[in-house]
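Reader: Hello! I am new to reading structures like this one. Could you walk me through it, a feature at a time?

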Amino acid sequence: MIVRFAMSNFRTFDYCTRLTDCINMVPSKFRNKSNHILSEDELLKSSVFFGTNGVGKTNIIKGLEFFKELVLSEKPLGVGDNYCKFNPENQWKPIRMEIE
């Protein structure tokens with residue numbers, strides 16, 4: 001079960017400071033408790049991505065697919081072409097992904 005997922009310098013995601021700033025399945029009443037151990041009953045059962053066109057909903061799914069391919073094949077296809085192109089310097093920065 002994925003509890004949190006964060007990525008930076010991937011497609012439209014330029015920078016994500018913490019796991020809690022990105023995709024989070026922890027209810028808001030528990031997010032500020034850093035030493036709190038969550039049981040399965042305290043996690044959200046489902047999550048929905050919604051927003052206007054062009055805000056990155058599809059890139060969240062592509063990020064999860066990229067992470068999966070990275071784990072399974074060690075070098076996914078298109079690894080050099082998936083950096084965030086909003087800033088030209090990002091081409092030389094690593095793509096960072098964290099999952100919990």
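Author: Gladly. Let us begin with confidence: pLDDT is the predictor's confidence in each residue, on a scale from 0 to 100. We need it here because this is a predicted model.

Reader: Which element of the protein has the lowest mean pLDDT, and which the highest?

Author: Strand 2 has the lowest mean, 64, while helix 1 has the highest, 86. For the protein as a whole the mean pLDDT is 75, and 66% of the residues reach 70 or more. Where pLDDT is low, the predicted coordinates should not be read in detail.

Reader: Thank you. How many helices and strands does the protein have?

Author: There is one helix, and there are three strands. Their order along the sequence gives the pattern β-β-α-β. Strand 1 covers 4-8 and strand 2 covers 23-24, and helix 1 takes in residues 57-73.

Reader: Now the fold as a whole. What share of the residues counts as buried?

Author: Of the 100 residues, 29% count as buried. The protein exposes about 7400 Å², and carbon and sulfur atoms supply 54% of that area. You can also ask how far along the chain the partners in a contact lie. Among contacts with a separation of 6 or more, 56% are between residues 24 or more positions apart.

Reader: I would like to see such a link between distant parts. How do I read a pair of aromatic rings?

Author: Look at two values, the distance between the ring centres and the angle between the planes. Planes over 60 degrees apart count as edge-to-face, and those under 30 as stacked. Here the count comes to two aromatic pairs. In one of them, F5 and F67 have ring centres 6.2 Å apart and planes at 80 degrees, so this pair is edge-to-face. Because F5 lies in strand 1 and F67 in helix 1, the pair ties together parts that are 62 residues apart in sequence. Both F5 and F67 are buried.

Reader: And what values describe the pair of F10 and F66?

Author: Their rings are 5.1 Å apart from centre to centre, with 45 degrees between the planes, and the pair is tilted. F10 belongs to the loop between strand 1 and strand 2, whereas F66 is in helix 1, so the pair ties together parts 56 residues apart in sequence. The C-alpha atoms of F66 and F10 are separated by 9.6 Å. To judge burial, compare the relative accessible area with the cut-off: under 20% is buried. F10, at 1%, therefore counts as buried, and so does F66, at 8%.

Reader: Does a ring have other kinds of partner, and where does the charged end of K85 sit?

Author: That charged end sits over the ring of Y83, 4.6 Å from the ring centre.

Reader: Next, backbone angles. What should I expect for phi?

Author: Most residues other than glycine have a negative phi. That makes a positive value worth a look. N9 has a positive phi of about 55 degrees although it is not a glycine, and R11 has a positive value too, near 50 degrees.

Reader: Where are N9 and R11, and are they buried or exposed?

Author: N9 is found in the loop between strand 1 and strand 2, and R11 has its place in that loop as well. N9 counts as buried because its relative accessibility is 3%. R11 is partly exposed, with a relative accessible area of 29%.

Reader: What does the side chain of N9 reach?

Author: It reaches two backbone atoms. The side chain of N9 comes to 3.0 Å from the backbone nitrogen of C84, and to 3.0 Å from the backbone oxygen of N90. Leaving out residues up to four places away in sequence, N9 touches several others, including D14, Y83 and K93.

Reader: One last residue, please. Which residues does N59 touch?

Author: Again leaving out residues up to four places away in sequence, N59 touches M7, F10, R11, T12 and F13. N59 is found in helix 1 and is buried, with a relative accessible area of 10%.

Technical notes:
Residues are numbered from 1 along each chain as its sequence is written. Side-chain values use heavy atoms; hydrogens and water are left out. Helices (H or I, at least four residues) and strands (E, at least two) are DSSP runs, numbered from the N terminus. Buried means under 20% relative accessible area, exposed over 50%, partly exposed in between (1.4 Å probe, protein chains only). Contact means heavy atoms within 4.5 Å. Accessible areas come from the Shrake-Rupley method with a 1.4 Å probe; for residues, only the protein chains shown count as cover. Rings of Phe, Tyr and Trp (its six-membered ring) pair if their centres lie within 6.5 Å; planes under 30 degrees apart count as stacked, over 60 as edge-to-face and the rest as tilted. A charge sits over a ring if NZ of Lys or CZ of Arg is within 6 Å of the ring centre and within 35 degrees of the ring normal. A polar contact is a pair of N or O atoms within 3.5 Å; within protein, one must be able to donate a hydrogen and the other to accept it, and residues adjacent in sequence count only if both atoms are side-chain atoms.
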